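Hello,

Here is the structure I promised to pass on to you. Please have a look at it first, and then read my notes underneath.

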Amino acid sequence: MPQILRLLTTALLVLALGAQAAETPPDRPRIGLVLGGGGARGSAHIGVLEVLEELRIPVDCVSGTSMGALVASAYASGLSPAQMRTAMGEADWDNMFTDMPDFSDVNYRFKQILRRYVPGSEVGVTDGGVRFPSGVVDGVKIKLFFNRLVGANKGEREIEKLPLPIALIATDIATGERVVMRDGNLTTAMRASMSVPGMLAPAIRDGRKLVDGGLVDNVPISEARDLCKADIVIAINVGSPLLKADQVNSLLSISAQMVNILTEQNVTRSLATLKPTDIYIQPDLGTITATDFGRSAEAADRGHAAALAVKDQLAKLGTTPEKYAHWREPIDRVNLPSPIIDEIQIAKLEHVNPAMVERQLTIAPGDPLRTSRIDSDVLRIYGDGFYQGVDYQVLNERERDILRVLPVEKSWGPDYLRFALNLETNSSHGSSFGLRAAYQKTWINELGGEFLATAGIGNTYGIGLNFYQPLDPKQRIFVEATASTVSSPLNIYQDNKRVAQYKLTNTGATLWGGTNIGILGQARLGWTTQKRTFDRDIGSSLLPESLDKSYSGVKASLSLDQLNRLYFATDGWATRLQYFDSNDAGFARVDADVEAAHSIGRTVLTGRINYAGATRGQLPIYDSASLGGFLNMSAFSRGQILGDNITYAGVQAERIIGTFPIGLRGDMRLGFALEGAHVGTYYTETNLRGTSILNSAAIYLGGETPFGPAYLGYGYSTNGMQNLFLSIGIP
């Protein structure tokens, strides 16, 4: 009987609420606000909201698509238009559309992989064949921005619990269906509505793969009418106009035009449903494109101007200050304190050991949840390289605040193919090319064992095997075994001329034991054995025809890397120390390299010091130190100077002159370098003996591109050397 009474009570309550929702306010029409999609152009919505606020126009519901979904969600979550302006202006959109955290926060082993292979070349290998990532960007940083924007870091935000009814539009990429999101997790719905196909990976919601709603309903007028039975609709269209015929001249522009055509078709159908009493606003956004997020303030200003142009129509919908304040009161965000975390949970993982997630968390039970800390923790977790996304939720269960960390393993993993390409030419010895591929098998066991097989063709060719086995769940200590055979050309120079070329074949194996020093780097100790064979291909018969040498010894290394970029850093430092001691070869070698970068505005200053030499005996010709190549005495060819006890120092000043489009991290720079070196013992270019300091200056155009480092430049030395050089890709 009590259950029946509860059911009857619930039914009556639902009917009462339904009747109340259907009831039209007695003193004003019911107003639905429609915010269309348009990428960065959607910041114009903020300017329109400013005018609605100035005129004290209450709205009863909001429907939004893509960027309109973002603004609608922020508005319903309590952000004022002024706060939205600030948030959009302060957001680093270029950084937001690249998932990887600063390189200094990336797992060191993953750094080693990224330095050798193009990050975007990762392809999954599964029983069903090869699989590709579903987007250029996974959207981790974007999702964290949404969390901050709507206050999800202070508690779970659900659409149906917002004080202002909203509906967000997405597209089911599998069926092409229009998906209306009126309930569930708010930030996931925002992420789904903004998932530009090909750029952002689809968002998974209720088992469906969802992408940008602009494909099916970019100005969702009908949804506003259905959501709150709107008498009057205020619709804002910020979509991108179609390109002109002469602008459609590339594969990228053709793809963009196809999307624009689809969008315009559904917008035309939607606008046809407007009534004479509705208000339509289409801001003049001039040259602002969908990716011009840096022009958000200008877009907002243009939206403000467009709303003022229909001020007379809008003003009729305004109300008194008292009534507007009453309407606004439940919407205004309550300034809740950061929750104190009582418990931390980690979502179930298929391959990755949860200890790998735990080791990156700086937040512990009993700590307040600071946004900066949880965002940093999430990005460090993502920087391990095992996930296609990492997120979090703050749940309140039985008066306990629970932080739930949500890593999602790569759907195309855990085994991968990777690739790298390098093209290089200089005026001293001609051109070279190289293509490398790797097969990486991760999470062989619960501790995270990995197997890596590599192969290369081109001027340098060979194969390699690597097995990495952590010894504890958090991968603090490990053993590693490597074996490889690689052949490459070795040019011998004298008097700035190539006098011979040898084929150098290096076959070796190393067994390491080591420790991961947090995210700083690694320390290692091991035993290595090497066999080096030199066979003369061309050149003077006065030089030896061949040389064959085998030797073994103890090897130790310390590598710490806090540079913020994979290549061409703008900030941070790195140091690499290595020691090798071979009793059978009769020498000990030390290599030390220290690098630091600092930026001032768009100018980047970088310095590097390097030493390579013998601490016992003398470095033999088959294991000599070298100078030459870009930013290693740029006026000299790669490896032009071979010797012992070589000290190098260089400084660079670079001006960032351009950046790649959103989603393709990297910039282009105009740089100038001054370099100096001292050689204790010359094995090549012996004519330079007695020269106290070698010098080199270089001017170049270069930077980090999606394919690796690229540079074109000219190097000159008063020692009589000069060099034109061009390189694209990963050496």
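Below are my notes on the disulfide, one helix and the cavities.

A word on the ground rules: this is a predicted model, in which local features need pLDDT of at least 70 and side-chain atom pairs count only at pLDDT 80 or more, while totals for chains, interfaces and linings use all residues. Residues are numbered from 1 along each chain as its sequence is written, and side-chain values use heavy atoms, with hydrogens and water left out.

Let me start with the disulfide (a pair of cysteine sulfur atoms within 2.5 Å). The count comes to 1. The partners are Cys61 and Cys228, with their sulfur atoms 2.1 Å apart. The link is left-handed, at -45 degrees about the S-S bond. Cys61 belongs to strand S2 (residues 61–65) and Cys228 to helix H9 (residues 221–228), so the bond ties together parts that are 167 residues apart in sequence. Helices (H or I, at least four residues) and strands (E, at least two) are DSSP runs, numbered from the N terminus.

Both ends of the link are buried, Cys61 at a relative accessible area of 0% and Cys228 at 7%. Buried here means under 20% relative accessible area, with exposed over 50% and partly exposed in between (1.4 Å probe, protein chains only). Helix H8 (residues 186–193) is mostly covered too, with 7 of its 8 residues buried; among them are Met190 and Arg191.

Now to the empty space. A cavity is a set of points on a 1 Å grid over the protein atoms alone where a 1.4 Å probe fits but cannot get out, and lining residues have an atom within 4 Å of a point. There are 3 cavities of 30 Å³ or more.

The largest has a volume of about 120 Å³. Of its 15 lining residues, Phe110, Asp384, Phe386, Gln440 and Glu450 lie nearest the centre. Helix H6 (108–116) and strand S14 (415–426) each supply at least two residues of this lining, and the largest share, 3 residues, comes from H6.

The second largest cavity holds about 70 Å³ of space. Its lining includes Glu424, Asn426, Arg638 and Tyr711. S14 appears again here, as S14 and strand S30 (722–729) each supply at least two lining residues. The largest share, 4 residues, comes from S30.

Best wishes

How values were computed. 1 Å grid on protein atoms, 1.4 Å probe; cavity = no way out; pocket = protein on both sides within 12 Å on 5 of 7 lines; lining within 4 Å. Points joined across faces, edges and corners; volume = space filled by probe spheres on them.
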